[in-house]
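Take a look at the fold below. We will start with one helix and work outward from there.

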Amino acid sequence: MHSADRHEPGTRADLDKRADDVSDMFDAIATRYDLLNDVLSLGQDRQWRRKTVAALEPRQGELMLDLAAGTGTSSMALAELGPVVVAADLSYGMLRQGLAQYPELDFINADALQLPFPDETFDAVTISYGLRNVEDTLGALKEMLRVTRRGGRVVVNEFSTPTNRAFRHVYNNYLLRALPPLAKLSPNPPAYSYLAESILAWPDQAGLADVMLEAGWEGIEWQDLSGGIVALHRGWRP
Ligand SMILES: C[S@@+](CC[C@H](N)C(=O)[O-])C[C@H]1O[C@@H](n2cnc3c(N)ncnc32)[C@H](O)[C@@H]1O
């Protein structure tokens, strides 16, 4: 049975995150994806993107991979500062929307678990709100390591765990109660129930750092944004 059959009308992935389901789900939200980000994050997403770019410390002429780039908004924020950015994503719907929004970017269809690039291609790799959606977190982090040059860096921008207990309680309530009605603005509201569930099931800051270490990244450090709603993890390829 397809996962959508067990939920409200529309299409969504389950927490086993099969690539076909994830791709279908993003195909179905692509046209309003960026608008919903602004609404649901109360505009915070713009600040989170600026901090992600700052953590990458991009230099003119460097080659960077923005994995799970979606509609290219994360890639554009980076490309504006000088590096050459490859925007890779699984969902053709998101890529099509990205191409319409940012025709100047290089988009490519790619699965995070089987990247179509030789070893040590990029100076840096980054992934914003994408790693949580990949079936095999460790496998994706290993693939990202493989395509990064020695001494290169990774920045993972992902939802995380608010560090203050009282705030965490308020935030979890927002995810479970306020977010689904707001998601009716989307052409595919069930995707936003998946969003809430996948955030709540995702490892906290230290947990993700452990997986990055296991994948082979070194010097892992993280920065909490908006009290830990989002965390930026940075690491280096030995
Ligand atoms: C929440 S969007 C993030 C898009 C963009 N990075 C941003 O910051 O707005 C997550 C993206 O991850 C992509 N994705 C999920 N699983 C993937 C995989 N295995 N390989 C590549 N992309 C994947 C989806 O297609 C979707 O476009």
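Which residues of helix H2 are buried? Keep in mind that this is a predicted model. In H2, which spans residues 33-40, the buried residues are Tyr33, Leu36 and Leu40. They share one side of H2, because they cover an arc of only 65° around the axis. The general rule is simple: an α-helix has 3.6 residues a turn, so residues three or four places apart point the same way. The other side of H2 has exposed residues, Leu35 and Asp38.

What do the buried residues of H2 pack against? Their partners are helix H5 (92-101) and H7. After H2 comes Leu42. Its phi is positive, near 55°.

Helix H8 covers residues 190-200. Its buried residues are Pro190, Ala191, Tyr192, Tyr194 and Leu195. H1 and helix H7 (165-182) are among the elements that cover them. H7 thus turns up twice: the buried residues of H2 pack against H7, and H7 is part of what covers the buried residues of H8.

Now step back to the whole chain. The protein chain has 9 helices and 7 strands. Its C-alpha atoms fill a box of roughly 45 × 40 × 35 Å along the principal axes. Why call the chain compact? A compact globule of 238 residues would have a radius of gyration near 18 Å, and the protein chain has 17 Å, which agrees. Of the 238 residues, 45% count as buried. Consider the contacts with a separation of 6 or more. Residues 24 or more positions apart account for 66% of them.

The interior comes next. The largest nonpolar core has 60 residues. Those with the most contacts inside this core are Met25, Leu65, Leu67, Val125 and Met144. Follow Met144 a little further. Setting aside its neighbours within four places in sequence, Met144 is in contact with Leu67, Val125 and Val154. Leu67 and Val125 are also on the list of residues with the most contacts inside the core.

Turn to the ligand. How many residues surround the ligand? There are 21, and the closest are Ala68, Gly70, Ser74, Ser91 and Ser128. Two elements give two or more residues to this shell: helix H1 (19-27) and helix H4 (73-79). H1 gives the most, with 4 residues. H1 also helps to cover the buried residues of H8. By type, the shell divides into 11 nonpolar, 8 polar and 2 charged residues.

Two further residues complete the tour. Asp136 sits in the loop between strand E4 (122-128) and helix H6 (137-146). Is Asp136 buried, exposed or partly exposed, and why? It counts as partly exposed, because it has 13 C-beta neighbours inside 10 Å. Asp16 is 120 residues from Asp136 along the chain. In space, their C-alpha atoms are separated by 9.3 Å.

Pro238 lies in the segment after strand E7 (230-236). With 10 other C-beta atoms within 10 Å, Pro238 is exposed. Where are its contacts? Leaving aside neighbours within four places in sequence, Pro238 is in contact with Arg150 and Glu218. Pro238 and Phe122 are 116 residues apart in sequence. Their C-alpha atoms are 14 Å apart in space.

Definitions and conventions: Residues numbered from 1 in each chain as written. Predicted model: local features only at pLDDT ≥ 70, side-chain atom pairs only at ≥ 80, totals over all residues. Core = buried A, V, L, I, M, F, W, Y, C linked by C-beta atoms within 7 Å. Buried ≥ 20, exposed ≤ 12 C-beta atoms within 10 Å, placed from the backbone. Contact = placed C-beta atoms within 7 Å. Near = placed C-beta within 6 Å. Nonpolar A, V, L, I, M, F, W, Y, C, P; charged D, E, K, R; others polar. Rg over C-alpha atoms; globule rule 2.2 N^0.38 Å. Arc of directions from axis to C-beta.
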